[in-house]
Amino acid sequence: MNYLSVENIAKSYGERVLFTNISFGINEGQKVGFVAKNGTGKTSLLNILAGFDTPDEGNVVYRKNIKTAFLPQEPDLNPNLTVEQTIFSSENETLEIIKRYEAALEDPSDTEAYQKAFEDMEAAQAWDFETQYKQILFQLKLEDLQKEVKNLSGGQKKRLALANMLLQKPDFIIMDEPTNHLDLDMIEWLEEFFRKENFTIFMVTHDRYFLERVCNEIVELDEGQLYTYKGNYSYYLDKKESRIELENTNTEKAKQLFKKELDWMRRQPKARTTKSKSRIDDFHEIKDRASKRRKDHEVQLEINMERLGSKMVELHNISKSFENKTLFENFDYNFQKGERAGIIGKNGTGKSTFLNILTGEIKPDTGKVVVGETIKFGYYTQRGIEVKPGQKVIDVIREFGDYIPLKKGRQISAQQLLERFLFDRKKQYDFVEKLSGGEKKRLYLCTVLIQNPNFLILDEPTNDLDIVTLNVLESFLLDYPGCLLVVSHDRYFMDKIVDHLFVFPGNQQIEDFPGNYSDYRAYEGSIATSEEKNETSEKTTKSDWKDNSTGSKLSYNEQKEYQKLEKEIAKLEKKKEEVQKKFLEEMSGEEIDNTSLALKDIEKQIETKTERWFELMEKMES
């Protein structure tokens, strides 16, 4: 059954064309993820589908009697209402049925009106509405029904808007970044809910695991063309790669044919027969195909990073409380060179506070933070970029200079730098306030990175970024040589980038877990399974990973160490080869001495790590 037909729609704002001639349809039961770059009109398309905007051309046609609901990025809620009042003030059909039934009760003489109201209550199963809305609110961790909206966090507001949407029992749901501002537990609950329930969904999200586990179809807007992939996110990635390879092959063939036809055109055939005129027309089409180029860019920024000294950042016995609520206490940690840590935990457990203490923006209640002399923080906060009236994109970068220094004494202009961050020359002269939310985040990220930090802190960097930019950012961070600390609800991003986690479980402690997010969830799952099998055994705590050795088998910590050693040894062997090659070059006596010392140090590291690797292997096999 067809729910929605989008027929040749187009949308522009002045000279800025978002999309033209877009057509697609959505049928009952489809769960569609819409993928496109920032600034190409994702939110505008959703607003058109939701009826909050109209296309410049074309039509959007819904099947009659289809009930739709829209979840925007930023919920529009009355700040002066309570959580419960917000539910009752919504345009909910069940609430209207209840109101008509209550009115019929006040006038029992009108038996026909009462009978109709009673039948409507039965049909909508409205008798249990109070139980239903309280159940959903509790599932979404909104237990305080009398709390006013203005006192809710961003995540709580998003959950309240989500509850309102679900209580409407819509046939068709449109969602713009549904996982933004939600903590990881809530995202996984929502993921499971949508996976099981028979909703029809059209959504924009940057959460790739959410796309993978919820969607059964991906629609991509790529360089003005719409492509449909009948599968989840993994299927989309595979088929998109095949499509681009085919496009590149066809372009190369068109170039060869273009050269041949160009030679024919230059000879200017005198006989203007019908056949030659047709060939001339075909020539222009071949020329267009041959000159087609994909606008895929990658951020290639060789940061001139400040040299790291021996001391990084040390945390000594730090604690912090707000309004009699202790977030964490007595935490000690010393960061090491090249460390890549993630931070996870529920909203309100102190993650951003921890970062602000680390960077000196706020002071801990107890303890101290010791920062090495060579450390230069780069701090990407959730606040985003401060937009100045009348400021253009290029002006934001030029505040750091017309030329940006790179490694080996090289430099690039502010314009070239912006191009590497996916801002073409035309976009560079747009006013910042005209940028989409994702484009502003990308520009802000650019301003943080070009300051050449050696300790990079990213607080929710993936919010509002499109998947293309996320892939680019991940590639950059994987090669980043400094320290990296990331807070993110993007599980795919965390799995790819970090080596260990600081877990904020909300029990006033910060726990150091040796693995990425999927490792952590697998660990939690194994603990839960173990407890179910042996309910009489002593309850396993999450800190058990620190001492989980059983007999001759490796503990979880040792398993992670074993895997890490394999990677480190391989890197050192490669580094050893590179140093050895230097001896083939012309060097001074001092350079030979320094290179020999470096080689000796590498060989010693390889020997130490290999011995430990053999120890763990023997323990594992015994």
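A disulfide is a pair of cysteine sulfur atoms within 2.5 Å, and by that yardstick this structure holds 0 disulfides. Keep in mind as you read that you are looking at a predicted model. Two of the cysteines are worth a glance all the same. Cysteine 215 has a relative accessibility of 6% and cysteine 446 has 0%. Because buried means under 20% relative accessible area, cysteine 215 counts as buried, and cysteine 446 does too.

Let us step back to the whole chain. The protein chain has 622 residues, and buried residues make up 45% of them. Its secondary structure comes to 20 helices and 20 strands. Among contacts in the chain with a separation of 6 or more, 68% are between residues 24 or more positions apart.

A good place to start the tour is the N terminus. Methionine 1 sits in the segment before strand E1, which covers residues 2–13. With a relative accessibility of 53%, methionine 1 counts as exposed, because the cut-off for that class is over 50%. Leaving aside its neighbours within four places in sequence, methionine 1 is in contact with Asn27, Glu28 and Arg63. Its C-alpha atom is separated by 8.8 Å from that of isoleucine 26, a residue 25 places along the chain.

Now move to the interior. In soluble globular proteins, nonpolar side chains tend to be buried together. Here the largest nonpolar core has 50 residues, and the members that touch the most others are Leu137, Leu160, Met165 and Phe194. Helix H6, residues 154–167, gives the most to this core, with 7 residues. Domain 1 (1–66 + 171–231) and domain 2 (81–168) both contribute residues, so the core lies between them. For a view from inside, pick leucine 137: not counting residues up to four places away in sequence, leucine 137 touches Val83, Ile87, Leu142, Glu143, Leu145, Leu160 and Ala163. Apart from this core lies another one, of 46 residues, with Tyr380, Val486, Met494 and Tyr520 among them.

What follows helix H6? The loop between H6 and strand E6 (172–176) includes lysine 169. This lysine has a phi near 50 degrees, a positive value in a residue other than glycine. Lysine 169 is partly exposed, with a relative accessible area of 38%. A second residue with this kind of backbone is asparagine 452, whose phi is positive at about 55 degrees although it is not a glycine. Asparagine 452 lies in the loop between helix H15 (437–449) and strand E17 (455–459). Its relative accessibility is 9%, so asparagine 452 counts as buried.

Helix H7, residues 184–196, deserves a closer look. How far apart should its ends be? At 1.5 Å a residue, its 13 residues should span 18 Å, and the end C-alpha atoms are indeed 18 Å apart. At the start of H7, a side-chain oxygen of aspartate 183 reaches to within 3.3 Å of the backbone nitrogen of aspartate 185. The buried residues of the helix are Leu184, Met186, Ile187, Glu188, Leu190, Glu191 and Phe194. You have already met Phe194, one of the residues that touch the most other members of the largest nonpolar core.

Further along is helix H9, residues 233–266, where lysine 239 is found. Lysine 239 has 35% relative accessibility and counts as partly exposed. Lysine 239 and tyrosine 229 are 10 residues apart in sequence, and their C-alpha atoms are 7.5 Å apart in space.

The last stop is glutamine 428, in helix H14 (residues 425–428). Is this polar residue buried or exposed? At 0% relative accessibility, glutamine 428 counts as buried. Which backbone atoms does its side chain approach? A polar atom of the side chain lies 3.0 Å from the backbone oxygen of glutamine 415, and the side chain also reaches the backbone oxygen of phenylalanine 423 at 3.2 Å. Not counting residues up to four places away in sequence, glutamine 428 touches Lys392, Val393, Ile394, Gln415, Leu418, Glu419 and Phe423. Both glutamine 415 and phenylalanine 423 therefore appear twice in its surroundings, through a polar approach and through general contact, since contact means heavy atoms within 4.5 Å.

Key:
Residues numbered from 1 in each chain as written. Predicted model: local features only at pLDDT ≥ 70, side-chain atom pairs only at ≥ 80, totals over all residues. Heavy atoms only, no water. Buried < 20%, exposed > 50% of the residue type's maximum accessible area, 1.4 Å probe, protein only. Helix = DSSP H or I, 4+ residues; strand = E, 2+ residues; numbered from the N terminus. Expected span 1.5 Å × (residues − 1). Polar contact = N/O pair within 3.5 Å; in protein donor to acceptor, adjacent residues only side chain to side chain. Core = buried A, V, L, I, M, F, W, Y, C linked by side-chain atoms within 4.5 Å. Domains from an automatic or database assignment.
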